[in-house]
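Welcome to this short tour of a protein model. Take a moment to look over the sequence and the 3D view before reading on.

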Amino acid sequence: MSLGAADWSWHDPLRPPIAVAGFAWLHEEGIYRRFPVMPPYPLPEAVDYLARHTAGGQIRFRTDSSRLAIRVRLAGPSDMYHMPATGQSGFDCYEEAEGALHYRSTARFGADEAEYEAVLIENGSGKMRTIVLNFPLYQGVEEVAVGLAPEAAIEAPPAYDRSGKIIVYGTSITQGACASRPGMCYTNVLSRRINMEFINLGFSGSGKGEPEVARNIAAISDPACLVLDYEANSVSPELYAETLPQFIRIYREAHPEVPILVLSRILFANQLFDDKAREMQQKRKAMQIELVRSLREAGDAHIRFFDGETLLRRHGQDCTVDGIHPTDLGLMQMADGLEPVIREMLGTVA
């Protein structure tokens, strides 16, 4: 599909009044990347590669356009067997109605396409309202443009309820595997409930808590809260017992009073059948609980532990794709469980 130039007015999200959220270094580098190209501290190779995946990125603006399209150039085509192309490489659209953001549509494109154009709104409201477009979760975006009706007005999005970034560091589950579309990643779900900027730093298979990663995360300005959700990639209880205290210590050197939430892993299917797997998971969880207790006793009143096993308790493994990665239902349940905890740590109420 080719959208005629005369029928659309194309806008670069990197130029006002459109705002882009979710990329902490965007203003310095002008590219859609979750860590800088030349980070202050050298990153592990896998993390550096995955940083180009745009999980958690959002395009935000207000418009009265009755139609909306996007033009996208990706780093490559979709190629994941256990995750829809719409989640890996697609954009989805949320539109304001009755004072809240509601899901409107998902980009349609061929899974083998690295470039596509897609209409997201047709015959829409001519009223001024807020639009949020969520970036792909497991693909790089080299270019994107927003298409509106030529006569449409476009304005800056409304301000967040409060300043500060909610930073979530973790694994493939944090990154959004295996959401059917980007808006269902649990950090994106939370961003619609807690009206603040979220920074998704989930790195599939590579959230291992290295000190270089901790130092780069500590360099992100204006943090409001840090969630550490990387147990699932922690390799072993012994290594996790080394990296987690070190990570927290590095972060505390830069941000002594920013709330930190230590989140243990969701329950994996094999733990119901494999005694050794269950034992190792319990050992890791016990370490986290004891670490947070000892830090609080030492005077850190801004750190808290939350048991991730409680997040999928309602439906268990029926809300995962493969016994590990949540479906949309599982990701929604994670957001349900985490929302009140994060609100409490931020001192906000629903």
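Helices and strands here are DSSP runs, numbered from the N terminus, where a helix is H or I over at least four residues and a strand is E over at least two. With that naming in hand, Asn123 can be placed in the loop between β7 and β8 (129–134). Please keep in mind that this is a predicted model.

## The antiparallel sheet

Let us begin with one of the sheets. Four strands make up an open sheet with antiparallel pairing, in the order β1-β9-β4-β7. At its edges are β1 (9–11) and β7 (115–121), each of which pairs on one side only. From one strand to the next, the twist averages 25 degrees.

Now zoom in on β7 and its neighbour. Six bridges pair strand β4 (residues 68–74) with β7 in the antiparallel sense. Two of the facing pairs are easy to find: Val72 is opposite Tyr116 in β7, and Ala69 is opposite Val119 in β7. Although β7 is an edge strand, it is mostly covered, with five of its seven residues buried. As a general point, strands of a sheet pair through backbone hydrogen bonds, either parallel or antiparallel.

## The parallel sheet

Which order do the strands take in the open sheet of five? The order is β12-β11-β13-β14-β15, and the pairing is parallel. Here the edge strands are β12 (197–202) and β15, each pairing on one side only. The twist in this sheet averages 15 degrees from one strand to the next.

Two strand pairs are worth a closer look. β13 and β14 run parallel and are joined by three bridges; Val227 has Leu261 in β14 as its bridge partner. Strand β14 (residues 260–263) is also joined to strand β15 (residues 303–306), by four bridges, and these two run parallel as well. Between β14 and β15 the chain passes through helix α8 (residues 275–297), giving a right-handed β-α-β crossover. To find the β14–β15 pairing in the 3D view, look for Leu263, whose bridge partner in β15 is Phe306.

## Two helices side by side

Next, find helix α6 (residues 211–218) and helix α7 (residues 237–254). Their axes are 9 Å apart, and the two pack at an angle of about 25 degrees. Angles under 35 degrees count as roughly parallel, so α6 and α7 are roughly parallel to each other. The crossing of α6 past α7 is right-handed.

## Unusual spots in the backbone

Most residues other than glycine have a negative phi, and most peptide bonds are trans. A few places in this model depart from that pattern, so let us visit them one at a time.

Where is the cis bond that Pro17 takes part in? The peptide bond from Pro16 to Pro17 is cis, with omega near 10 degrees, and Pro17 sits in the loop between β1 and β2 (19–21). Another cis peptide bond links Ala177 to Cys178, with omega about 0 degrees. Cys178 belongs to the loop between α4 (172–175) and α5 (186–193).

Positive phi values turn up too. Asn123 has a phi near 55 degrees, a positive value in a residue other than glycine. Is Asn123 buried or exposed? Its relative accessibility is 79%, so Asn123 counts as exposed. Asp222 is not a glycine either, yet its phi is positive at about 55 degrees. Asp222 is found in the loop between α6 and β13 (223–229), and because its relative accessibility is 43%, it counts as partly exposed.

## Cysteines without a partner

How many disulfides does the structure hold? There are zero. Cys93, for example, is in no disulfide, and the nearest cysteine sulfur, that of Cys185, is 17 Å away. For a disulfide, the two sulfur atoms would have to be within 2.5 Å. Cys93 has 0% relative accessibility, so it counts as buried.

Cys225 is likewise in no disulfide, and its nearest cysteine sulfur, again that of Cys185, is 16 Å away. Cys225 also counts as buried, because its relative accessibility is 0%.

Terms used:
Residues are numbered from 1 along each chain as its sequence is written. This is a predicted model: local features need pLDDT of at least 70, side-chain atom pairs count only at pLDDT 80 or more; totals for chains, interfaces and linings use all residues. Side-chain values use heavy atoms; hydrogens and water are left out. Two strands pair if DSSP finds at least two bridges between them. A crossover is right-handed if, with the strands pointing away from the viewer, the path from the first strand over the helix to the second runs clockwise. Buried means under 20% relative accessible area, exposed over 50%, partly exposed in between (1.4 Å probe, protein chains only). Axes are lines fitted to C-alpha atoms, for helices over the stretch in contact, and angles run from 0 to 180 degrees between N-to-C directions. Angles under 35 degrees count as roughly parallel, over 145 as roughly antiparallel, 65 to 115 as roughly perpendicular and the rest as oblique. A crossing is left-handed if the near helix is turned anticlockwise from the far one by less than a right angle, and right-handed if clockwise.
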